Every structure is written in structure tokens, then in C-alpha cells.
Amino acid sequence: MRIAVYPGSFDPITYGHLDIVSRGAKIFDRVIVAVLHNSKKQPLFTVEERLELIRQVTGDIPNVEVEGYDGLLIHYLQQRQSNVIIKGLRAVTDFEYEMQMASINRKLAEDIETFFMMTNNQYSFLSSSIVKEVARYDGQISDFVPPVVEKAIREKFAGNQGK
Ligand code: PNS
């Protein structure tokens, strides 16, 4: 059984992430979408809120699981008996950071492989940060995130006026 972990902050999940999840789920027996802490980012959604949104939008893919973890990614993989990390690459700008993370993870656990997938061209410009930025100023985000995610973002900003 090939279990792959697709980690990220998913704050919130976008169509770009969903594209990787659904394609990954065709390659691996099981894909675990893992919400992990990124020390470089201050999140908009709590981990629980992010997990709930991911569960709702991946519910139709039977071999996908969703879980949160606080700690090192490689420790999570070891705990789940997985040795594959899935990462989406949007453009060369992602490469340097992803290369650094893949190299550190390989150094820490040499049997764990990072498996890169090119994001579908139509999502290559997309990021959770961009979506939040557009939504914050009332721009249209329906092409970027599923309706349930759009609703959750709108509610966040309505409750955080002045942000
Ligand atoms: O979606 P992101 O924010 O680009 O994902 C980055 C993430 C969460 C996968 C990365 O920050 C991570 O793996 N965090 C867990 C802590 C860890 O293992 N750090 C060492 C490897 S960089």
C-alpha cells in the first residue's frame, strides 16, 4: 500500500491544491492531506477550520484523508508509515524554497522521497495568500476556491472588519 502525504498550510485550500490532491490520489493508494504549521506565516483560519474545509472539498475522493499535525513533517510521515511527500510546483519561483525543504527532509530522513507534481497551468498563478488579498478587498475569488471556501473567507473578513 503506497501512502503519500501532501503537506501544507492550506490557509485556505484552493483549486490549485485540489488539482494536486485529485491527481495524487490517482497515483497513490492513499493520500493524506496534512495541515502543518509554517513558521513563516500567520494563519487566517485555525487548523480545525482548515481541516473542516479540506474535508468538505475532498469528500468525493475516497482514498483521501485529512489530518493536522504539529511538529516536523518527517516525524509525521514516520508515524503514518509513509515515505512519500507530495508537493505541487507552480513555477520556478517555488523551486528554491521547495528544493531547500526537500533537501532538509532528505537529510533528516533519507528514506523519505519528495515527489513533485507540476501544477496545472491554469492554476500556476494561484496561492492562498493571493486569494486572501483579493477577498480582503472584495474582489471575485470564485475561480480560485470552491464555494464553501469562498463563503468561509467572506465570513472571516466580515467578522474582522478593519483588517
Ligand atoms: O503550504 P506551505 O506553507 O508552503 O507548506 C509548508 C509546510 C507546512 C509543508 C512546511 O512549513 C513544513 O513542512 N512544516 C512542518 C515543519 C517542518 O517539518 N519543517 C522542516 C522542513 S522545512
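**Working around the ligand**

Take Ser9 to start: one of its polar side-chain atoms is 2.5 Å from an oxygen atom of the ligand. The model is predicted, so to speak of local features takes a pLDDT of at least 70, and side-chain atom pairs count only at pLDDT 80 or more, while totals for chains, interfaces and linings use all residues. Residues are numbered from 1 along each chain as its sequence is written, and side-chain values use heavy atoms, with hydrogens and water left out.

**Exercise 1.** Work out which residues are closest to the ligand and how many surround it.

*Solution.*
- Step one: count the shell, meaning residues with a heavy atom within 4 Å of the molecule. That gives 13 residues, the closest being Ser9, His37, Asn38, Lys41 and Leu73.
- Step two: sort by class. You get five nonpolar, six polar and two charged residues; here Ala, Val, Leu, Ile, Met, Phe, Trp, Tyr, Cys and Pro count as nonpolar, Asp, Glu, Lys and Arg as charged, and the others, Gly among them, as polar.
- Step three: look at secondary structure (DSSP runs numbered from the N terminus; helices are H or I with at least four residues, strands E with at least two). Strand 1 (3-8) and helix 4 (92-108) each bring at least two shell residues.

**Exercise 2.** Find what His37 and Asn38 place beside the ligand, and how much of the ligand the protein covers.

*Solution.*
- Step one: His37 uses a backbone N or O atom, 3.1 Å from a ligand nitrogen atom.
- Step two: Asn38 has a polar side-chain atom 2.7 Å from a ligand oxygen atom.
- Step three: of the 530 Å² of accessible area that the ligand has on its own, the protein covers 81% (Shrake-Rupley method, 1.4 Å probe).

**Exercise 3.** Locate the cis peptide bond and the positive phi of Gln81.

*Solution.*
- Step one: the cis bond joins Asp11 and Pro12, with omega about 0 degrees. Pro12 is in the loop between strand 1 and helix 1 (15-27).
- Step two: Gln81 isn't a glycine, yet its phi is about 55 degrees. Gln81 belongs to the loop between helix 3 (73-79) and strand 4 (84-89).

Methods: A polar contact is a pair of N or O atoms within 3.5 Å; within protein, one must be able to donate a hydrogen and the other to accept it, and residues adjacent in sequence count only if both atoms are side-chain atoms.
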